[in-house]
There are 2 protein chains.
Amino acid sequence: MPEATVARLPLYLRSLLEAQHANAATISSERLAELAGVNAAKVRKDLSYLGSYGTRGVGYDVEYLLFQMSRELGLTQDWPVAIVGLGNLGQALANYMGFGDRGFPIVALCDADPRVVGTEVHGVVVRHVEDLPVIAAAHGISIGIIATPASAAQDVADRLVAAGVSSILNFAPTVLSVPEEVSIRKVDLAVELQILSFYQQRRSGGPKLPPLDIPVGVED
Amino acid sequence: MPEATVARLPLYLRSLLEAQHANAATISSERLAELAGVNAAKVRKDLSYLGSYGTRGVGYDVEYLLFQMSRELGLTQDWPVAIVGLGNLGQALANYMGFGDRGFPIVALCDADPRVVGTEVHGVVVRHVEDLPVIAAAHGISIGIIATPASAAQDVADRLVAAGVSSILNFAPTVLSVPEEVSIRKVDLAVELQILSFYQQRRSGGPKLPPLDIPVGVED
DNA sequence: CGCCGCTTGTTCACGTGGTCACAAACCCTT
DNA sequence: AAGGGTTTGTGACCACGTGAACAAGCGGCG
């Protein structure tokens, strides 16, 4: 299955949940495309990778497609998650996702700072990052989230891999090297902002040197 | 310039900063590729879009390339940012990025909850989302970050656009529709985890809970 | 001063993903 | 039961991005 398709499946899943919430029994590829914000033909081709679960002239059964897609995405089981690094971002993630999403229970929190270890965040006691192997084995953790500073990220990644974690979501602004068999995805806020900056500048009409001399603070 | 190239420029920028920090005067495409985690040929092709700033037989002058890239990315000027939605994530972003990155000062915070409006986060007073037009104009805000629940995201996006914001970074798990001329990028934690879940399951050898007595439609 | 090694910039072939278009298949109506 | 309208599934085509290979160009060395 194409990687691009895999990346869209979660969007379809969410759109299907919306449709289900609106009491729709079936949904057409066109409607689903509208909800997911993509092309209708792309939706059909993507869904065809899962199998022929649609009915010509009718559309897709929402319930059934939801089940099949959840199964394909591996959401019929829980995937215990460990968060490493409990700065601002790590704490926010611990609190945010605990009630935000089902299927990814946060069962472990780790940090290297002895002042943080032992404290409790979102009902989970923070352990030392050294204990990762034991913790991971005990909870069957397969997904790790890195929310440390960039300088510590590679070390944490190595520890996660050594502890048997084979999926990593990296929030640290650095490139991580991991074994072939480990999946890794990154979320980099600075990169996103810089991309926006690039297009923003383009629209603003090329490089603006110092044309801005706006007197701010007038609002107060 | 290809969109894929634009998305990599920030990686090169960060790698160049690392090289600069290591007192490297020049850098080869191969070394830069290693730092950025991409192919060397891709690096050269990407950099060629910026112009011929390299020297054959030597490499790229780190200082000079840094300057050119910063200019291209629009980082020679500040881009004031507004964050809308100050739940766990919004607050973390306000605290995290304030000292994390240069060039994107957080000059405004907005929320719709009257209990949050008026409080102070990271030294900035939270204003009501209704005041966005005034605030945006006063600070020259061109980038907005949406950190609200999904249900409020489209409304906030509309308000941002109406206030003149033309670049949006969306953390809410929903598809936003904005005018053609507005750039939008999304960061969706649930989607990232589900993608990891997909590959994780594949590696684990198919569905982990196979003891299902589902009477699969008898195939004729 | 000319040769040699090194690195860039560019060209080319390839693979992946996106879009279009249409036959096949299904439901509903008559 | 047959036909019309609707929607899926898929094959063909096109655009884009990637990776390798190579000539052009630069600095250093004898």
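## The surface near DNA strand D

Let us start where the protein meets one of its DNA strands: the surface near DNA strand D has seven nonpolar, eleven polar and nine charged residues. Here Ala, Val, Leu, Ile, Met, Phe, Trp, Tyr, Cys and Pro count as nonpolar, Asp, Glu, Lys and Arg as charged, and the others, Gly among them, as polar. A residue is near a strand if one of its heavy atoms lies within 4 Å of it. This is a predicted model, in which local features need pLDDT of at least 70 and side-chain atom pairs count only at pLDDT 80 or more, while totals for chains, interfaces and linings use all residues. Residues are numbered from 1 along each chain as its sequence is written, chains are lettered from A and ligands numbered from 1 in the order in which they are written, and side-chain values use heavy atoms, with hydrogens and water left out.

Which residues are closest to DNA strand D? Of the 27 that surround the strand, the closest are Ser29(A), Tyr60(A), Lys42(B), Lys45(B) and Arg56(B). Sugar or phosphate holds 64% of the atoms of DNA strand D within 4 Å of the protein, and bases hold the rest.

## Contacts with strand D

Several polar contacts (pairs of N or O atoms within 3.5 Å; within protein, one must be able to donate a hydrogen and the other to accept it, and residues adjacent in sequence count only if both atoms are side-chain atoms) can be picked out here. Tyr60(A) places a polar side-chain atom 2.6 Å from a phosphate oxygen of DNA strand D. Gly57(A) uses a polar backbone atom, 3.0 Å from a sugar or linking oxygen of the strand. Arg44(A) turns to a base instead: a polar atom of its side chain lies 3.0 Å from a base nitrogen.

Two or more residues of this surface come from each of helix 3 (40–48), strand 2 (54–55) and strand 3 (59–61) of chain A, and from helix 1 (3–21) and helix 3 (40–48) of chain B. Helices (H or I, at least four residues) and strands (E, at least two) are DSSP runs, numbered from the N terminus. Helix 3 of chain B gives the most, with four residues.

## The surface near DNA strand C

DNA strand C also has 27 residues around it, and Lys42(A), Lys45(A), Arg56(A), Ser29(B) and Tyr60(B) come nearest. Of the atoms of DNA strand C that come within 4 Å of the protein, sugar and phosphate account for 64%. By class, this surface has eight nonpolar, ten polar and nine charged residues, and its largest share, four residues, comes from helix 3 of chain A.

Arg56(A) has a side-chain N or O atom 2.8 Å from a base nitrogen of DNA strand C. Two backbone N or O atoms lie by phosphate oxygens of the strand: one of Glu3(A) at 3.2 Å, and one of Gly54(B) at 3.0 Å.

## Where the two chains meet

How many residues of chain B are in contact with chain A? The number is 70, and they touch 70 residues of chain A, where contact means heavy atoms within 4.5 Å. The area buried between the chains is about 6500 Å², with 63% given by carbon and sulfur atoms; buried area is the accessible area (1.4 Å probe) that two parts lose on being put together, summed over both. In chain B, Arg14(B), Leu193(B) and Leu196(B) lose the most area to chain A, together 10% of what that side buries.

Six salt bridges cross this interface, each being a side-chain nitrogen of Lys or Arg within 4 Å of a carboxyl oxygen of Asp or Glu. Arg202(B) forms a salt bridge with Glu72(A), with the closest N and O atoms 3.4 Å apart. Helix 8 (residues 189–203) of chain B supplies 15 residues, the largest share of the side of chain B that touches chain A.

## How the copies are related

A turn of 180° and a shift of 0.0 Å along the axis lay chain B on chain A with an RMSD of 0.0 Å, so the two copies are related as by a two-fold rotation axis. The superposition is by least squares on the C-alpha atoms of residues with pLDDT of at least 70 in both. Among the residues of chain B, Ala92(B) comes closest to the axis, at 3.0 Å (C-alpha).
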